[in-house]
Amino acid sequence: MWPGIIEKAKEGGLDVIETYVFWNYHEPVKGQYYFEGRFDLVKFVKTVQDAGLFVHLRIGPYACAEWNYGGFPLWLHFIPGIQFRTTNGPFQAEMELFLAKIVDLMKEENLFATQGGPIILAQVENEYGNVEWAYGVGGELYVKWAAQTALNFNISVPWVMCSQEDAPDPIINTCNGFYCDTFVPNSPSKPKMWTEDYTGWFLSFGYPVPYRPVEDLAFAVARFFQKGGTFHNYYMYFGGTNFGRTAGGPLVATSYDYDAPIDEYGFIRQPKWGHLRDLHMAIKQCEEYLVNGDQTHQSLGINLEADIYHRTANNCAAFLANYGSSLDANVTFNGKVYFLPAWSVSILPDCKTVSFNTAKVAGKKSVGDSTISPSASVSELSLSNSPWSWYLEKVGIWSNDSLTANNLLEQINTTKDTSDFLWYTTSIEADEKKDAFLLIESLGHAALVFLNKKVLAFGYGYHDDASFNISEKISLEQGNNTLDIISMIIGVQNYGPWFDIMGAGLYTVILADLKNVKKDYSSNEWTYQVGTEGESLGLDRTDLANSSLWTQGSSIPINQSLIWYKSTFVAPDGKGPLSLNLASMGKGQAWVNGQSIGRYWSTYLSPKTGCTDKCDYRGSYDAQKCQKKCGQPAQILYHVPRTWVHSGENLLVLHEELGGDPSKISVMTRTEQVVCSHVSEYDSIPVDLWKPNSDSSSQTPEVQLTCDQGWKIASVHFASFGNPKGDCGMFAQGSCHADVSSAVEQACIGKQKCSVPVSAAKFGNPCPGVVKSLAVEALCSA
Ligand code: GAL
């Protein structure tokens, strides 16, 4: 998918692609490197170069990025005496080796800019400044060491350290955040750079879906350039999917969509993508002045200001800002009046004409209405009649390579993250049949408890705190009772001071009788088993699809814990990406043709409150400000790249941990895409005081429709010039209406994109004296 996505980024006006480098996938075993398939870093950098774009290579090697263990390989943790990210010999030796490995690889392939390659910038460490306090003097020295180590590689392009106020010269300290206009680098010789501007936020299981209105995002970007910013990077412009067990933790979801301008599936997200493209164009129109001009500042009133970049007195570009969050304003600049909506910036590349205003999203009309995204029509294939097979896993210890200990073991040190699962098994003797209370305390992230091989309880934490307790009334049989607990990790911790030694798994198990007399079972004899039986059998593998391990039959067990399901499906026609709808399932992992498409957890609903479908973009944004899907699963759709399926039967395998109904799974693909635009006569560019019927020199506003690359406009559903009502997907005629379908069809059918002027001169005037708008809804198909 890389070339297509990079092409869309380029079309969106980007000229640099920034990427992390994930150490744990490039060196899965110490000294054994891996750069194949989707981890082929050289190929990625060259693909960007082929598209004519530059690269910012964030080597780290700490990445964070909601990626498993922040990008560190687990083996690193087991090097004797190691302490991560501080002055520590064993760690520094390994970090230096990996940095050198990546730098050498790039040099050998001539990929640095001075060698004719696309890499113009590189990053060492990542936001260490946020956690440095926790490492004391060792941390301060580590920053100096990391900087010097990077510089010693002589890569001939600048290094940056993000969120690192004490980045030693000449390493450039850069800003990460929702806004960076007030950021000042730690030396006047360093440019003002923004390495992470969040286009939305990441998703965790059990949380609502965050989104960031494009008006606010555009405002943040424009303010940054208004205030002397240079390099700016979206995090994420395309976030994609954390396939397999690559998602970090705790409890980070599989989708890394991030509300980014290119969505998880590689489709452009409108109006975000288009609005930012127009913003980039407007900023580039000012480039000459921003790069060579002198900056002056002018107050235009309360919360109102202009920054002007001039080459000579009358030769300039200007940014006019209204950074108040509620009051729109008319400002006078250079003798002309300009309308500035609250929380917006107008860009005037010639100091006179507004070429862009951040709050004025083409095709959108009212404040707070931030989600006119094109809806997709999908073809959905139900798997209810598919041939299902299953395998019921053994509960508890399933092999003789288990281990025993007289205490509760920490999970990650025990599994080395070779599996999400660790079985904790012990026995409880009862002198008679009786009731009792069982109390379990866990560092995280989830655990399913079985008493005498029957499901007893399930407990789980959440992203911000993965620890949890389970307390449950139980009935013990006389004699020996078996307690089997499967403790689960959902992504190894990726952020925070000393995150690398954050533990997981059980730490207390107590039994209390009905008089509350307690017995601590934590130091009982426990038997441990890493992983589940199905994992060790390799049930996800394609070569086991016909194995007799699988049971076939007409009535598949549903709502069953620790079960594997298998079926086949024929992929719906088309070239587009696929997704699996796993809403009917509990918690687990899914594979298509042996490729893990990630962890799912459909039964973990987000809190019922805290969401808003109409988020007012005005005022400071934070990750909790705009959320949707409250009271619902974080994610039910799971991306299956088209290249992972073939014609004929494809194998689907699921490992269900809690209980679900696989017959309700469906496979979806997008066959058509609805695109809309609704633009008023007032929406002229420039946005100065336009008056109807005046002989203004302003350009005529346009309705613009853009289909995804490779898709074309196939039909026009609705096209009304007058006062049409409603939103995309539900437009309706108003009291004033001229059906202009045929004119729109003429301009658009068969094209990937088209624009139609919104003007009475073109369409005739159905209601003179009334301000009219043009609403269009069309269908793109592949
Ligand atoms: C930053 C970090 C990124 C990513 C982001 C949240 O702190 O540098 O890697 O984790 O937060 O998505």
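At 8% relative accessibility, Ala 512 counts as buried, since the threshold for that class is under 20% relative accessible area. This residue belongs to a predicted model, and its place is in strand β25, which covers residues 506-512. Its C-alpha atom lies 9.4 Å from that of Lys 473, although 39 residues separate the two along the sequence.

Ala 457 offers a second example from a strand, here β22, which comprises residues 454-460. Its relative accessibility is 8%, and Ala 457 therefore counts as buried. The C-alpha atoms of Ala 457 and Asp 543 are 35 Å apart in space, with their positions 86 residues apart in sequence.

Strand β24, formed by residues 479-488, contains Ser 487. With a relative accessibility of 0%, Ser 487 is classed as buried. From the C-alpha atom of Ser 487 to that of Val 530 the separation is 10.0 Å, while the two residues stand 43 apart along the chain.

A further serine, Ser 720, is found in strand β38, which runs over residues 712-722. Ser 720 has a relative accessible area of 0% and is therefore buried. Its side chain takes part in a polar contact of 2.8 Å with the side chain of His 737.

The division of the chain into domains gives these positions a wider setting. Domain 1 spans 1-174, domain 2 spans 283-360, domain 3 spans 403-531 and domain 4 spans 672-781. Between the C-alpha centres of domain 2 and domain 3 there is a distance of 61 Å.

The surroundings of the ligand come next. Which residues come nearest to the ligand? Of the 14 residues around it, they are Tyr 20, Ala 65, Glu 66, Glu 127 and Tyr 258. Sorted by class, the shell around the ligand consists of 10 nonpolar, 1 polar and 3 charged residues.

Several oxygen contacts can be described atom by atom. A backbone N or O atom of Ala 63 is found 3.2 Å from an oxygen atom of the ligand. In the side chain of Asn 126, an N or O atom lies 2.9 Å from a ligand oxygen atom. For Glu 127, a polar side-chain atom is 2.3 Å from an oxygen atom of the ligand. The ligand taken alone exposes 310 Å², of which the protein buries 94%.

Glu 127 also deserves attention for its backbone. The residue is located in the loop between β3 (119-124) and α5 (136-152). Its phi is near 50 degrees, a positive value in a residue other than glycine. Is Glu 127 buried or exposed? Its relative accessible area is 11%, so Glu 127 is buried.

Arg 85 likewise has a positive phi, near 55 degrees, and is a residue other than glycine. Its location is the loop between β2 (54-60) and α4 (89-108). Because its relative accessibility is 1%, Arg 85 counts as buried.

Helix α6 allows a simple check of geometry. It consists of 13 residues, 214-226. The expected span is 1.5 Å times one less than the number of residues, and for α6 this gives 18 Å. The C-alpha atoms at the ends of α6 are 18 Å apart, so the model agrees with the expectation. An α-helix has 3.6 residues a turn, so residues three or four places apart point the same way. How many residues of α6 are buried? The count is 13 of its 13 residues, and the helix is mostly covered. After α6 comes Gly 228, with a positive phi near 85 degrees.

The last features to consider are two cis peptide bonds. One of them leads from Tyr 235 to Met 236, with omega near -5 degrees. Met 236 is situated in the loop between β8 (232-235) and α7 (272-285). Another cis bond runs from Gln 270 to Pro 271, where omega is near 5 degrees. Pro 271, too, lies in the loop between β8 and α7.

Terms used:
Residues are numbered from 1 along each chain as its sequence is written. This is a predicted model: local features need pLDDT of at least 70, side-chain atom pairs count only at pLDDT 80 or more; totals for chains, interfaces and linings use all residues. Side-chain values use heavy atoms; hydrogens and water are left out. A residue is near a molecule or strand if one of its heavy atoms lies within 4 Å of it. A polar contact is a pair of N or O atoms within 3.5 Å; within protein, one must be able to donate a hydrogen and the other to accept it, and residues adjacent in sequence count only if both atoms are side-chain atoms. Accessible areas come from the Shrake-Rupley method with a 1.4 Å probe; for residues, only the protein chains shown count as cover. Ala, Val, Leu, Ile, Met, Phe, Trp, Tyr, Cys and Pro count as nonpolar, Asp, Glu, Lys and Arg as charged, and the others, Gly among them, as polar. Helices (H or I, at least four residues) and strands (E, at least two) are DSSP runs, numbered from the N terminus. Buried means under 20% relative accessible area, exposed over 50%, partly exposed in between (1.4 Å probe, protein chains only). Domain bounds come from an automatic or database domain assignment.
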